Amino acid sequence: VAQSKVGEMVGQLRVSGRVSAPKLDISSVPPLPEDEVLARTLFGKVASALSVLEAVQLASAIAGLTGRQTGGTGVLDRTRETLGVDVLRVDTDDEGRALIGAGSYIADGVYVGVEQGVGSDTSVVEVEIDVTDNITVNTEAGANATASVGVKWGWDY
């Protein structure tokens with residue numbers, strides 16, 4: 001069981017069954033519909049407040065997690081495959097404007113990506129390098145002369 005607390009809600013993703021045929025169950029305390037749990041967990045807001053792009057991502061996530069996807073891969077997956085990138089995401093910034101990000105793993109443990117917002121000064125290039133299994137270094141450089149470097153430490157168990 002994986003849990004995430006968002007406000008007063010605790011979202012839960014339970015994986016059970018065989019490795020060859022896993023079964024996923026999405027629930028929460030207090031009990032909410034699957035789409036509401038995922039909206040709050042993934043985007044930090046109620047489903048009714050999602051942008052159109054966020055709603056498409058949410059629908060794709062629900063279909064993929066629950067095995068209810070029909071007609072093959074989703075729109076984002078097909079676009080990602082067409083572009084030949086490993087990651088394609090649609091997001092919103094703090095002001096609700098659309099952001100599109102794409103990137104690829106150019107070597108084992110090395111990710112290079114770009115993110116573009118609405119304005120020409122909203123471009124960001126990011127590089128993520130796995131230094132060890134538990135340590136990752138992240139760098140970002142923006143078109144508006146901003147830059148950042150960060151180190152993440154994590155332990156998978």
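A residue is buried when its relative accessible area is under 20%, exposed when over 50%, and partly exposed in between (1.4 Å probe, protein chains only). The model is predicted, and local features need pLDDT of at least 70, while side-chain atom pairs count only at pLDDT 80 or more. Residues are numbered from 1 along each chain as its sequence is written.

**Exercise 1.** Determine whether tyrosine 111 is buried or exposed.

*Solution.* The relative accessibility of tyrosine 111 is 7%. Tyrosine 111 therefore counts as buried.

**Exercise 2.** Classify the aromatic pair in the structure.

*Solution.* Rings of Phe, Tyr and Trp (its six-membered ring) pair if their centres lie within 6.5 Å; planes under 30 degrees apart are stacked, over 60 edge-to-face, and the rest tilted. The structure contains 1 aromatic pair. Its rings belong to tyrosine 105 and tyrosine 111, with centres 5.1 Å apart. Their planes stand at 55°, so the pair is tilted.

**Exercise 3.** Establish the strand order of the open sheet and its pairing.

*Solution.* Strands are DSSP runs (E, at least two residues), numbered from the N terminus, and two of them pair if DSSP finds at least two bridges between them. The order of the 3 strands is S1-S2-S3, with antiparallel pairing. Strand S1 (2–6) and strand S3 (21–29) are the edge strands, each pairing on one side only.

Next, consider each pairing. S1 and S2 are joined antiparallel over 5 bridges, and valine 6 stands opposite methionine 9 in S2. These two strands form a hairpin with 2 residues between them, where glycine 7 in the turn has a positive phi of about 65°. Strand S2 (residues 9–18) is linked to S3 by 9 bridges, and valine 15 faces leucine 24 in S3 as its opposite residue.

Note on methods: Heavy atoms only, no water. Helix = DSSP H or I, 4+ residues; strand = E, 2+ residues; numbered from the N terminus.
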